[in-house]
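Student: I should like to learn how to read the architecture of a model such as this one. Could we begin with the strands and then turn to the helices?

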Amino acid sequence: MARKYTYNKYFALFLCIFGGFLGLHYFYVKKWWKGILYLCTFGLFYLGWFIDIFRICFNQFTPKTTDKIVKTNDYQEKIKFIDIYPIMISKNNKFIVNDVQKLYFKALKTKLTDKENKQIVLISDSSGSINQYYGTYSFGSVKLCEHICSIQYFKDLYNIETFEGTVDEIINKQDIAIRYIRKYLKTEVNNNFTGLQAMQSYKSMLKKSNEESKKRSDAIYDERIKKIQQFNHKTIIVTGKDISLSYVEKSFLKYMNGKPVENPEIFAYWFYEYKINYAEVMSKFIESALLTVGPPDIDLNKLTVNELKDFLRENNLPLSGKKADLIDRIRMMNFSKDVINSFFTTDNNKEVYNVTEKGYAIIVTVEDSMTKDVDFENKCIERLKEKDFYSTNEIIAAYKNKTGEQFNRVLSEFDNQLFSKFIDMDLSGYLNEQTVIFEFEFKISVIFGFIFGVTGDKIWKLFYRLTKVDTSNKKFICFSEI
């Protein structure tokens, strides 16, 4: 059960704003490698810097995860007590009990009943924080030093807050933690266990939970593979009738082009995120003559120069020129796919799904983007252009909840004002000449990615779709020298 390094949000935000492109905020939370990456790439070419400012503002900046509950046996030789509470200390952790800790836990003892006090167990981690458990359930952590103290506590099952102040102010926050224990944790804990006994049973509970999770995961995987293998393309009658496809289905048609008929490897997100019914959609593709089954179609770009010349020689065509010239010459002659495939195919027993000419006319219109559903993206982008961030959030929430993914983000008035200011911000003095004409698209991509919950390459994909700028070389977005 990992705990996170405690940090000052406002100081991290200050470091990010004024030194984020040097990775100072990552060095502050002890993410050394990420700090070095930002230092070498100027904050992931400044995009990562911009996104991290939003992440810190909205409490989505994740500091370093520290140790944790490791094997209980590692603690058994080093157990100290703070007042009446046992504190487990890892073998390499030089933990010293101080007066502030004694004062805090003495106050906690007086607020809890005798039965409740027996359930409390503490674990010290390498950052100096003390993780607090009621039985095997966490109810927060504290860092208690002579000069500054901090507490991380659960307001409810979904909200964690961090507070810094004097030890007296921290003690006042105990009441919130105690309400959380009595409302959510008391019924979950076997009152016949002491806290230490509960912690000693943690390993076996975790092992059992992992085994059950693996069984469920394996069952879901087996069910998905079974559905794929049960599909028989030979039972589908090809009518060639025109059909209407959603953008997700068009994307899936493009994805299936070239996939083997026997045991095709299909990513799980098509089933769970995009709700593709494999048998239904594949039947639709084959029946309407968008997909056909046969040997793999030959990609001329993947052939060697000698192979291309062999084909030209066989058909009494000139052999001069570079590889691109040879390919253009073959295409200009309008050879059918069957002629090309029969010449180059060596394994005629291998069957794959190939898009037909009719299917190809569809997949060439499919654009790679943040999601597989460009219609959905465009709907959100139209709202963002109007600075309607609330409606954008609602559209994304409906989209994600429909796919079974929990989405509970609620935009506040502060969020709305922050996004509006970002849209209105003049970045022309920072963007280079190639990028400045796409300043608005850049802002839209960042905000959409933030609300949707993605970063990095997926935002670049959306930006490319909106601008058609090649994002494979990230230097295109580099800022001018500051």
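Tutor: We may begin with one pair of strands, bearing in mind that this is a predicted model. Strands β6 and β7 run antiparallel and are joined by four bridges. At one of these positions, Tyr134 stands opposite Tyr137 in β7.

Student: What phi does Gly135 take in the hairpin of β6 and β7?

Tutor: Gly135 takes a positive phi near 70°, in a hairpin that has two residues between its strands.

Student: How many bridges join β6 to β5, and in which direction do these strands run?

Tutor: Five bridges join β5 (residues 120–124) to β6 (residues 130–134), and the two strands run antiparallel. Ile120 has Tyr134 as its bridge partner, while Ser124 stands opposite Ile130. Tyr134 therefore appears in two pairings, facing Ile120 in β5 and Tyr137 in β7.

Student: How should the two faces of a strand be read?

Tutor: In a regular strand, side chains alternate between the two faces of the sheet. For β6, one side carries Ile130, Gln132 and Tyr134, the other carries Asn131 and Tyr133, and all of these residues are buried. The strand is thus mostly covered, with five of its five residues buried.

Student: What is the strand order of the sheet, and is it open or closed?

Tutor: The sheet is open and has seven strands in the order β3-β4-β5-β6-β7-β8-β9, with mixed pairing. Its edge strands, β3 (79–82) and β9 (160–165), each pair on one side only. From one strand to the next, the twist averages 25°.

Student: Which strands does helix α5 lie across?

Tutor: Helix α5 (residues 99–111) lies across β3, β4 (85–88), β5, β6, β7 (137–144) and β8 (149–154), and runs at about 145° to β7. Helix α8 (residues 174–185) lies across β6, β7 and β8, running at about 170° to β7. Strand β6 is therefore among the strands crossed by α5 and by α8.

Student: Let us turn to helix packing. At what angle do α19 and α21 pack?

Tutor: Helix α19 (residues 389–402) and helix α21 (residues 439–452) pack at an angle of about 45°, with their axes 10 Å apart. That angle makes α19 oblique to α21. The crossing of α19 past α21 is right-handed.

Student: Which residues meet where α19 packs on α21?

Tutor: From α19 come Phe389, Thr392, Asn393, Ile396, Tyr399 and Lys400, which meet Ile447, Phe448, Ile451 and Phe452 in α21. Sorted by class, this contact has seven nonpolar, two polar and one charged residues.

Student: At what angle do the axes of α14 and α16 cross?

Tutor: The axes of α14 (residues 305–314) and α16 (residues 337–344) cross at roughly 120° and come within 11 Å. This crossing is right-handed. Glu307, Asp310, Phe311 and Glu314 in α14 meet Val339, Ile340, Phe343 and Phe344 in α16. By class, the contact comprises five nonpolar, no polar and three charged residues.

Student: How should a positive phi be read when the residue is not glycine?

Tutor: Most residues other than glycine have a negative phi, so a positive value deserves attention. Lys275 is one such case, with phi near 55°. Lys275 is found in the loop between α12 (269–272) and α13 (278–287). With a relative accessible area of 49%, Lys275 is partly exposed.

Student: Where does Ala289 lie, and what is its phi?

Tutor: Ala289 lies in the loop between α13 and β10 (291–294), and its phi is near 65°, a positive value. The relative accessible area of Ala289 is 22%, so this residue counts as partly exposed. The cut-off matters here, because buried means under 20%.

Student: How many helices and strands are there in the chain?

Tutor: The chain has 22 helices and 11 strands. Of its 482 residues, 44% count as buried. Among contacts with a separation of 6 or more, residues 24 or more positions apart account for 64%.

Note on methods
Residues numbered from 1 in each chain as written. Predicted model: local features only at pLDDT ≥ 70, side-chain atom pairs only at ≥ 80, totals over all residues. Heavy atoms only, no water. Axes fitted to C-alpha atoms, helices over the stretch in contact; angles between N-to-C directions. Parallel < 35°, antiparallel > 145°, perpendicular 65-115°, else oblique. Left-handed = near helix turned anticlockwise from the far one by under 90°. Contact = heavy atoms within 4.5 Å. Nonpolar A, V, L, I, M, F, W, Y, C, P; charged D, E, K, R; others polar. Pairing = 2+ DSSP bridges. Buried < 20%, exposed > 50% of the residue type's maximum accessible area, 1.4 Å probe, protein only.
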